[in-house]
Amino acid sequence: MEATVAVGERALVFIGFMGAGKTTAARAAASALGARAVDSDQLVEQRVGTRIEDYFATHGEAAFRAVEEEVVCELLARPPGPVISLGGGAAGSERVRAALARHTVVLLDIDPALAWQRAGGRRPLAQDRSAFDALHAERRPLYDRIADVVLTDSSRDVVRRAVPAIAALPAGTRMLWARSASGEYPVYVGHGVLGAAPRPRGGRPYVVTDDTVGGLYAGAVGDAAATIAIPPGEAAKTWEQAGRVLRALAAAGMEHDDHVVALGGGVVGDLAGFCAASYQRGVPVVQLPTTLVAQVDSAYGGKTGVDLPEGKNYAGAYHQPAAVLADPAVLATLPPAELAAGWAEVIKTALIAGGPLWERVRDPRADVDADLVLACARTKLAVVAKDERDQGRRQVLNLGHTVGHAIETATGYARYRHGEAVALGLLAALTLSGQPVLRAEVAALLGAHGLPVTLGPAVDHAAVLAALQGDKKRRGGRVGFVLVEAPGDIRIGRAVDPDDVARALGDLGA
Ligand SMILES: NC(=O)c1ccc[n+]([C@@H]2O[C@H](COP(=O)([O-])OP(=O)(O)OC[C@H]3O[C@@H](n4cnc5c(N)ncnc54)[C@H](O)[C@@H]3O)[C@@H](O)[C@H]2O)c1
């Protein structure tokens, strides 16, 4: 990435809960920028002339917060350097939040268990575990609201690698730093990001798109060495089209240092990603997702591939993107049925996340914006970070997909959009989970977004059940199901009686 440096007026300000590693991260960022980091807690200690713990004990929290607010507001008004770390509670002040708007705010996200491991018993507000967890739950939405950038790791090396991408962040854009076993990459979300965010340095971009999206947005991507289009839709996610694209890349002279730019929905993302994984044994791919499905789900996590007549996504490879640029503005041209299809993945993701995302999404009037895209991306990336290769936890992301994929395969990838099949698959999964109340709520929600909640009469249930047996996640002759205990509590690898699956399909009858 371009290593432009955000010095001058706009500082990088690290925020986060106790134990998140703000001081370490700020030091690493500062050293990457050739500067020194400033720590607000140290300045507060200088101002009160004693340690924070002692000031807390003698004067109480309110007095401490008042001093902290003064010190931090002065610091943010005239930052002495490009990197600052703030005390965990400082962002609780409205004045501080207003002052932060002029800077790039980097949230170090940490889960409460790890935070307690690091800070428990060692800070004034980390004496009692349940109060600590409650404080974490209270502050998290506040942090999320003001963060321009989210990092989930404060270690020196990770921060140093992320700093160039953070420093090059276009105004009004938000960023996640995605991590998994085989790679790290920036995810940029924001209006206008399609043509504005930095992409891998060096090499030439080879745009792979479909005929519809290419006509609309290829111009916004900038100069491409070549633009190769496939026909739009799932029917083009084939081995034959992948071969055609690979040969077109070769004919256009693509070399190993060049990169593929996947401009389109999940079909283009999966197919172009697969071509990038295999072209000369692997070139980088930058994902520019243009559908809701792709912006909330398929562009992240590195699963690429094509369908075979024998099964959905039967040929593919793991190939993490070099960057993802999600611009919600492009969703304005998406046909309503495609937007609806994306809601199936949004609802699936919210069921997996539970908590604030589920509370937002369960409201049928919920709308798509950059926050929603970001929240879904974060949910998926948190899962992928722990299990890139689907060995365990990543299987939660297949919620609704076991039956959904079987419906797609049994209907020749032509009758239902992927998202529509997932909507039906979600309902089958909720039936199998023994969750009639949640199923009714989700059915109403899917219906409100224009998604099907019944299987068309022409769909052959026996063919769907047969396709289920070909699910590529079958192990030892058994297909493990992903079931829902409650929003935020998803169980994987569950054995389900074939008769129950047949009944769940029956429940989808018109
Ligand atoms: N890799 C993963 O982790 C993952 C996850 C979920 C889904 N997927 C895959 O994603 C695919 C479905 O993706 P999809 O729903 O995005 O379908 P899609 O890529 O076929 O796009 C849907 C339609 O919308 C059009 N379109 C795209 N962007 C547009 C825009 N901004 N304006 C106007 N038209 C636009 C396309 O031309 C196409 O006709 C499936 O093959 C599925 O398997 C992959």
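**Ligand shell and aromatic cluster**

In the predicted model, five elements each supply at least two residues of the shell around the ligand: helix H10 (211–217), helix H12 (266–278), helix H13 (292–298), strand E13 (311–318) and helix H14 (336–353). Helix H10 gives the most to this shell, with four residues. The ligand has 29 residues around it, of which Asp210, Glu234, Gly266, Thr291 and Thr333 come nearest. By residue class, the shell divides into nine nonpolar, 10 polar and 10 charged residues.

Polar contacts with the ligand involve both backbone and side-chain atoms of the protein. A backbone N or O atom of glycine 266 is placed 2.8 Å from an oxygen atom of the ligand. Valine 330 likewise contributes a backbone N or O atom, which lies 3.0 Å from a nitrogen atom of the ligand. From threonine 333, a polar side-chain atom lies 2.7 Å from a nitrogen atom of the ligand. The ligand has 860 Å² of accessible area on its own, and the protein covers 92% of that area.

Aromatic contacts were also examined. A pair of aromatic rings is described by the distance of the centres and the angle of the planes. The structure holds four aromatic pairs. In one of them, the ring centres of phenylalanine 17 and phenylalanine 132 are 5.1 Å apart; the planes stand at 65 degrees, over the limit of 60, so this pair is edge-to-face. Phenylalanine 17 belongs to the loop between strand E1 (12–16) and helix H1 (22–32), whereas phenylalanine 132 belongs to helix H7 (residues 129–146). The pair therefore links distant parts of the chain, 115 residues apart. Both phenylalanine 17 and phenylalanine 132 are buried.

Phenylalanine 132 also pairs with tryptophan 116. The centres of these two rings are 5.0 Å apart and the planes are at 70 degrees, so this pair too is edge-to-face. Because tryptophan 116 lies in helix H6 (residues 112–119) and phenylalanine 132 in helix H7, the pair ties together parts that are 16 residues apart in sequence. The relative accessible area of tryptophan 116 is 21%, so this residue is partly exposed; buried would require a value under 20%. Phenylalanine 132, at 0% relative accessibility, counts as buried. Phe17, Trp116 and Phe132 form one aromatic cluster.

Notes:
Residues are numbered from 1 along each chain as its sequence is written. This is a predicted model: local features need pLDDT of at least 70, side-chain atom pairs count only at pLDDT 80 or more; totals for chains, interfaces and linings use all residues. Side-chain values use heavy atoms; hydrogens and water are left out. A residue is near a molecule or strand if one of its heavy atoms lies within 4 Å of it. A polar contact is a pair of N or O atoms within 3.5 Å; within protein, one must be able to donate a hydrogen and the other to accept it, and residues adjacent in sequence count only if both atoms are side-chain atoms. Accessible areas come from the Shrake-Rupley method with a 1.4 Å probe; for residues, only the protein chains shown count as cover. Ala, Val, Leu, Ile, Met, Phe, Trp, Tyr, Cys and Pro count as nonpolar, Asp, Glu, Lys and Arg as charged, and the others, Gly among them, as polar. Rings of Phe, Tyr and Trp (its six-membered ring) pair if their centres lie within 6.5 Å; planes under 30 degrees apart count as stacked, over 60 as edge-to-face and the rest as tilted. Buried means under 20% relative accessible area, exposed over 50%, partly exposed in between (1.4 Å probe, protein chains only).
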